[in-house]
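Got your viewer open? Let's take a short walk, one selection at a time.

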Amino acid sequence: MSKELKIEAAKAALGFVKDGMKLGIGTGSTADEFIRLLAVEVKNGLSIIGVPTSERSHALCAELEVPLTTLEETPELDLTIDGADELDGDMRLIKGGGGALLREKIVAAASGQMVVIVDESKVVETLGTFPLPIEVNPFGLGATRIAISKLADKLGLVGEIALRGGDKPFVTDGGHFILDASFSRIPDAEGLSDELLNIPGVVQHGLFIGLASAAVIAGPEGIRIIKR
Ligand code: 5RP
């Protein structure tokens, strides 16, 4: 996704932001562009308050003086703007490429609306080409990995399940690890979601189902907005 398309998508998403809103602020390179544009609007007088979905986004918002709050202080938000790794025709997503999926899902679920900012390359017919991030507790990693493999076998899903970072595991903001599952195709995202959440060591996964209410899709022909 070119930087220009990220900026175009982020710009169009600003159209969803209204004065006085409590915002969820996403994570990733597209969300970074949104934060930069939001900061300019704030300097020009827009009044919003935001909950960032990662330490990374928190740092950028703080640097650019975007007013921040927490979900403890402000547990109900109006709108979350966030990127995604994949988006299908039913507005189901794969997220977590940047490792922030747990906070992203908590924040999106606490928001009245979630608007996704992506480029056309992220729109897919069937989710799964992008490896599905599964956030797991470091305790019992081996057992959790076996349980996920057995579940994949049961559901007919084939592909490597790799610990992000390998010998030096990537650690999420919540202190967990991520297993990236290269299933290629996930025909039943709802079924996989439910069953993954039944594995005790799984903290959360990157399938976002029923959360996004609109998507701003940037392409060479311009911007397309789809709503659920
Ligand atoms: C982070 C995410 C990101 O939204 C996703 O990875 C997209 O990132 P980018 O905008 O850099 O392509 O889910 O956890």
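In which sense do strand 1 and strand 3 pair, and over how many bridges? Select residues 22-25 for strand 1 and residues 77-82 for strand 3. They pair in the parallel sense, over three bridges. Keep in mind that you're looking at a predicted model.

Zoom in on that pairing. Pick Leu 23, and you'll find it opposite Leu 79 in strand 3. Now stay on Leu 79 and look for Gln 113 in strand 6, because Leu 79 stands opposite that one too.

Next, show strand 6, residues 111-119. Strand 3 and strand 6 also run parallel, and five bridges join them. Try a surface view of strand 3 here: five of its six residues are buried, leaving the strand mostly covered.

Time to visit the ligand. Select the 17 residues around it; the ones that come nearest are Ser 29, Thr 30, Asp 85, Gly 96 and Lys 122. Colour the shell by class and you'll get three nonpolar, nine polar and five charged residues. Then switch on helix 2 (29-43) and helix 4 (101-109), since each supplies at least two residues of that shell.

Last stop: some distances to check.

- Ser 29: a polar side-chain atom lies 2.4 Å from an oxygen atom of the ligand.
- Thr 30: an N or O atom in the side chain is 2.5 Å from a ligand oxygen.
- Asp 85: here an N or O atom of the side chain sits 2.6 Å from an oxygen atom of the ligand.

Finally, hide the protein and look at the ligand by itself: taken alone it exposes 380 Å². Bring the protein back, and 90% of that is buried.

Conventions. Residues numbered from 1 in each chain as written. Predicted model: local features only at pLDDT ≥ 70, side-chain atom pairs only at ≥ 80, totals over all residues. Heavy atoms only, no water. Near = heavy atom within 4 Å. Polar contact = N/O pair within 3.5 Å; in protein donor to acceptor, adjacent residues only side chain to side chain. Areas by Shrake-Rupley, 256 points an atom, 1.4 Å probe, with all protein chains shown as cover. Helix = DSSP H or I, 4+ residues; strand = E, 2+ residues; numbered from the N terminus. Nonpolar A, V, L, I, M, F, W, Y, C, P; charged D, E, K, R; others polar. Buried < 20%, exposed > 50% of the residue type's maximum accessible area, 1.4 Å probe, protein only. Pairing = 2+ DSSP bridges.
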